[in-house]
Amino acid sequence: MHKAKLTLTQIALFGMLGALTFGAKVAMSGLPNIEPVSLMVMLMAVVFGWKALYPIYLYVLMEILLYGINLWNINYLYIWAILAAAAIAMRKAKNPFWWALLSGAFGMAFGFLCCPVYAVMGGFGYAIRWWLAGLVFDIPHAVGNFVIALVLFVPLRRLLDGLYQKLRK
């Protein structure tokens, strides 16, 4: 099987997008559970397909380098890939409502998706208690994700698509 190599342009673009995702999250860190990462993951997955994993995992690496390894960023090793896979599966959708719904559902499910790591570390009961206790945080996460995607997904997709098309010429 022939694997396509990344071009220098892609490496630079993916580096900038990973850093932009990280910087945007840090900039918004004062807002409780309101984050731009879900939007960025969906955008990158739709525009770049599976190559989106490069900027996504650069973002994860930056999180680990700044904050150290902890349970919450171990979750990032698989959680963002799940959202990317869902976005790739939906990539033909044009209506912003569907993107907002995906992002909001992901925000609501975020705590549940973290349960496997917590189950390994503290047992099944611990994971379920942790998830249920965190539902109060998942609600603003879901609402924030929904609103951000509803407003920004379509124009940013158009912008990123156009940029990528120009860079590929």
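Let's start at Ala45: beyond its neighbours within four places in sequence, Ala45 is in contact with Ala52, Ala84, Ala87, Ile88 and Arg91. Keep in mind as you explore that this is a predicted model. Ala45 belongs to helix α2. Its relative accessibility is 0%, below the 20% limit, and therefore Ala45 counts as buried. One partner deserves a second look in your viewer: Arg91 is 46 residues away from Ala45 in sequence, yet the two C-alpha atoms are 8.1 Å apart in space.

From here, we can step back to the core. The largest nonpolar core has 42 residues, and Met42, Phe48 and Trp80 are the ones with the most contacts inside it. Which helices supply this core? At least two residues come from each of α1 (8–27), α2 (37–48), α3 (53–67), α4 (71–89), α5 (96–122) and α6. The helix that gives the most is α2, with eleven residues.

Met42 is a good place to see how such contacts spread along the chain. Not counting residues up to four places away in sequence, Met42 touches Leu83, Ala87, Trp99, Leu102, Ser103, Ala149 and Phe153. Ala87 is thus a name you have met before, as it is also among the contacts of Ala45.

Now let's move to His141, which sits in helix α6, spanning residues 124–168. Is His141 buried or exposed? With a relative accessible area of 6%, which is under 20%, His141 is buried. What does the side chain of this buried histidine reach? The His141 side chain makes a polar contact with the side chain of Glu35, at 2.7 Å. The backbone oxygen of Gly107 is also reached by the side chain of His141, at 3.5 Å. Setting aside neighbours within four places in sequence, the contacts of His141 are Asn33, Glu35, Ser38, Gly107 and Phe110.

That list brings us to our last stop, Asn33, in the loop between α1 and α2. Asn33 has a relative accessible area of 32%, which lies between 20% and 50%, so Asn33 is partly exposed. If you check its backbone torsions, you will find phi of Asn33 near 60°, a positive value in a residue other than glycine. As background, most residues other than glycine have a negative phi. Asn33 therefore makes a nice pair with His141 to inspect together: the two are in contact, with Asn33 partly exposed and His141 buried because its relative accessible area is 6%.

Definitions and conventions
Residues numbered from 1 in each chain as written. Predicted model: local features only at pLDDT ≥ 70, side-chain atom pairs only at ≥ 80, totals over all residues. Heavy atoms only, no water. Helix = DSSP H or I, 4+ residues; strand = E, 2+ residues; numbered from the N terminus. Buried < 20%, exposed > 50% of the residue type's maximum accessible area, 1.4 Å probe, protein only. Polar contact = N/O pair within 3.5 Å; in protein donor to acceptor, adjacent residues only side chain to side chain. Contact = heavy atoms within 4.5 Å. Core = buried A, V, L, I, M, F, W, Y, C linked by side-chain atoms within 4.5 Å.
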